[in-house]
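Q: I'm new to this structure and would love a close look at one part of it. Could you walk me through the charged side chains that pair up?
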Amino acid sequence: LCQNVFASSFVRKSNPVHAIFDAWDNFLQFPDNKNIEPELNVAYTELRDHSTLWVTNSKKNIEFFSSQFGVEKMELIKNGVDFELFQTSYAIPDDMVPIPRPIIGFGGKLSHLLDYELYNKCLEAHPDKSFVIVGQKLNEEVFNKINKTNNFFYLGDKHYSQYPSYVTHFDVGIIPYVNNHLDSGADRI
């Protein structure tokens, strides 16, 4: 099982009898990857040639990889969540204690998917509410475009084992993604 597109040469060299490639997102759709597009095309081609099966998280990815790379055997496995993990009662994390309520939170990676313009409008329109982000910064430029107002709190990246204690203490959870990139892996509800 390979989940790393950049490990394509390892898969090729190991010449497995059966290999599954988890194409969890389409990295060719990420604007930050334009400069490595040739390498990604080679990697996806190698993985097509040396994998028995591909899995991915969106129908759009299946359509893209099938038409662009001729991948014949692909299965859809939607993003999932362990509901029981988020129904457990947790103590509020120490770094959330001083944050005034109500808390409007986003738990996820900061990437090109974040609609920072919408987020900034929310910050400005609701100065009486705290906006909290918990997650890894994948795109520093997007993070820098968020207005660092008095009601904005970035708590950093947290280990998955700590993540539920943050999310369960949001009063409202949001996913402020831009619509034009949703088909590259994020699920529509």
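To begin with, is Lys 145 buried, partly exposed or exposed, and what is its relative accessible area?

A: Happy to help! Please keep in mind that this is a predicted model. Lys 145 is partly exposed, and its relative accessible area is 35%. Its partner in a salt bridge is Glu 141, with the closest N and O atoms 3.3 Å apart. Glu 141 counts as exposed because its relative accessible area of 53% is over the 50% cut-off. So this pair joins an exposed Glu 141 to a partly exposed Lys 145.

In general, side chains of opposite charge can pair when their charged atoms come close. The structure holds 8 salt bridges, and two others can be described in the same way.

One of them links Lys 34 and Glu 37, whose side chains meet with an N to O distance of 3.6 Å. Here Lys 34 is exposed, at 53% relative accessibility, while Glu 37 is partly exposed, at 29%.

Another involves Arg 48 and Asp 49, where the closest N and O atoms are 2.8 Å apart. Arg 48 has a relative accessible area of 31%, which makes this residue partly exposed. Asp 49 reaches 48% and is also partly exposed, because exposed means over 50%.

To find your starting point again in the model, look for Lys 145 and follow its salt bridge to Glu 141.

Methods
Residues are numbered from 1 along each chain as its sequence is written. This is a predicted model: local features need pLDDT of at least 70, side-chain atom pairs count only at pLDDT 80 or more; totals for chains, interfaces and linings use all residues. Side-chain values use heavy atoms; hydrogens and water are left out. A salt bridge is a side-chain nitrogen of Lys or Arg within 4 Å of a carboxyl oxygen of Asp or Glu. Buried means under 20% relative accessible area, exposed over 50%, partly exposed in between (1.4 Å probe, protein chains only).
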